[in-house]
Each structure stands twice: as structure tokens, then as C-alpha cells.
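This briefing goes through one structure by topic, with salt bridges taken up ahead of helix packing, individual residues and confidence. Please keep the sequence and the coordinates in view while reading.

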Amino acid sequence: TAEDLQQASEFIGNDRIGYKVAFCERDVGIYAGILLGGIIFALSGKRIKSIRLLTWFLVGVLPIALDGGSQLLGAVAPFDLPDFVYRESTPLLRSLTGGLFGVMNAWLAFTLMEETFKETRIALTRNLATQSSDEV
């Protein structure tokens with residue numbers, strides 16, 4: 001009920017059960033996913049190909065948006081919807097959606113950066129070869 005939510009938000013803790021701390025399972029999942037994605041990318045010898053933006057959105061963004069968004073709507077809805085049920089995400093679901101988001105962002109970012117660096121290396125090598133042949 002609204003009264004229970006109000007009491008829970010006002011309670012900061014005590015010596016017996018402890019105090020509230022700012023800890024976000026979703027953020028931990030995101031950072032762990034980025035770390036895991038980076039390790040996998042490095043161990044693959046940077047041979048993993050880039051993913052399509054639609055895949056990144058469907059697998060990485062959509063789950064975390066649905067989980068976090070539906071929880072947010074239930075928490076901040078200032079109006080009473082007759083069929084709307086307050087939804088609290090579980091720590092496991094927060095961690096999983098955060099982890100997916102982190103892995104997919106790492107996959108997208110690391111592969112795109114590697115492609116860009118490869119193109120830059122080729123262009124620099126070509127420019128250096130042209131300069132050295134012009135000097136001879």
C-alpha cells in the first residue's frame with residue numbers, strides 16, 4: 001500500500017538491522033558485464049565481429065529498459081490506475097539485465113573501436129610509406 005511504501009522510504013535503519021546504503025545490483029551487473037565482455041574480446045585476439053544495432057538494442061537495451069522502466073512507473077506513478085500493480089524488480093533480475101546491457105555495450109564498443117583503430121593503422125602506414133618514398 002501507499003502507507004507501507006511511505007514508511008519504508010522514511011526508515012533509514014538502526015543498529016540492530018543495519019542502515020540503508022546506496023547499492024545498485026543493476027550497476028554492478030553493468031560493470032561486471034563490461035569487464036566480462038572486455039576479457040572475452042581480449043582473449044579472442046580481437047577477432048570478434050561487430051554486432052548489428054538492432055541486436056544490441058533487442059538483447060542489451062530492451063530487457064533493462066523493460067525491467068527498470070516498469071519498476072520506475074510503479075514507484076513514481078502519481079495517479080491511481082485500477083489495473084496497475086506496483087512492481088519491484090528482484091536483485092537477480094536487476095543483475096541479469098544489467099549484465100546483458102554491459103556485455104552488449106562492450107561488444108558494440110570494443111569491436112567498433114578495433115575496426116576504427118585498424119583503419120587508422122592502415123591509413124598511417126600508407127601515409128608513412130608515401131612520405132618515405134617521396135623523401136628518397
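**Salt bridges and their surroundings**

The side chains of Arg121 and Glu114 meet in a salt bridge, with 3.1 Å from N to O. The model is a predicted one, and a search of the whole structure finds 3 salt bridges. The points below take up these pairs, then the packing of two helices, then several single residues, and lastly the confidence of the prediction.

*The pair Arg121 and Glu114*

- Arg121 has a relative accessible area of 44% and is therefore partly exposed, as this value falls between the cut-offs of 20% for buried and 50% for exposed.
- Its partner Glu114 counts as buried, because its relative accessibility of 13% is under 20%.
- Side chains of opposite charge can pair when their charged atoms come close.

*The pair Arg94 and Glu25*

- A salt bridge joins the side chains of Arg94 and Glu25, at 3.1 Å from N to O, and this pair links distant parts of the chain, given that Arg94 belongs to helix H4 (residues 91-135) and Glu25 to helix H2, 69 residues apart.
- Arg94 is buried, with a relative accessible area of 12%, and Glu25 is buried as well, with a relative accessible area of 19%.
- The value for Glu25 is 19%, and this residue counts as buried because the class covers relative accessible areas under 20%.
- Glu25 is placed in helix H2, which covers residues 25-43.
- When residues up to four places away in sequence are not counted, Glu25 touches Pro91, Arg94 and Ser95, so that Arg94 appears both as a contact of Glu25 and as its salt-bridge partner.

*The pair Arg26 and Asp67*

- The side chains of Arg26 and Asp67 form a salt bridge with an N to O distance of 2.9 Å, and this pair also links distant parts of the chain, with Arg26 in helix H2, Asp67 in helix H3 (residues 53-76), and their positions 41 residues apart.
- Both Arg26 and Asp67 are buried.

**Packing of H2 against H4**

- Two packed helices are described by the angle between their axes and the distance between the axes.
- For H2 and H4 the packing angle is about 35°, and the axes are 6 Å apart.
- The crossing of H2 and H4 is right-handed, and by class the contact of H2 with H4 has 9 nonpolar, 10 polar and 4 charged residues.

**Single residues in H3 and H4**

- Val61 is located in helix H3, and at a relative accessibility of 17% this residue counts as buried.
- Apart from residues up to four places away in sequence, Val61 touches Trp56 and Phe101.
- Val61 and Thr97 are 36 residues apart in sequence, and their C-alpha atoms are 8.6 Å apart in space.
- Glu115 is located in helix H4 and is partly exposed, with a relative accessible area of 36%.
- The C-alpha atoms of Glu115 and Phe41 are separated by 13 Å, while the two residues are 74 residues apart along the chain.

**The loop between H2 and H3**

- Most residues other than glycine have a negative phi, and most peptide bonds are trans.
- Lys46, although not a glycine, has a positive phi of about 60°.
- Lys46 lies in the loop between H2 and H3 and counts as partly exposed, at a relative accessibility of 46%.
- Lys49 also lies in the loop between H2 and H3, and with a relative accessible area of 66% this residue is exposed, because the value is over 50%.
- Leaving aside its neighbours within four places in sequence, Lys49 is in contact with Trp107 and Thr111.
- Lys49 and Ser9 are 40 residues apart in sequence, and their C-alpha atoms lie 46 Å apart in space.

**Confidence of the prediction**

- The protein chain has an average pLDDT of 87, and 90% of the residues score at least 70.
- Among the elements of the protein chain, H2 has the highest mean pLDDT, at 95, and strand E2 (residues 18-19) the lowest, at 78.
- Where pLDDT is low, the predicted coordinates should not be read in detail.

Technical notes:
Residues are numbered from 1 along each chain as its sequence is written. This is a predicted model: local features need pLDDT of at least 70, side-chain atom pairs count only at pLDDT 80 or more; totals for chains, interfaces and linings use all residues. Side-chain values use heavy atoms; hydrogens and water are left out. Helices (H or I, at least four residues) and strands (E, at least two) are DSSP runs, numbered from the N terminus. Buried means under 20% relative accessible area, exposed over 50%, partly exposed in between (1.4 Å probe, protein chains only). Contact means heavy atoms within 4.5 Å. A salt bridge is a side-chain nitrogen of Lys or Arg within 4 Å of a carboxyl oxygen of Asp or Glu. pLDDT is the predictor's confidence in each residue, from 0 to 100. Axes are lines fitted to C-alpha atoms, for helices over the stretch in contact, and angles run from 0 to 180 degrees between N-to-C directions. A crossing is left-handed if the near helix is turned anticlockwise from the far one by less than a right angle, and right-handed if clockwise. Ala, Val, Leu, Ile, Met, Phe, Trp, Tyr, Cys and Pro count as nonpolar, Asp, Glu, Lys and Arg as charged, and the others, Gly among them, as polar.
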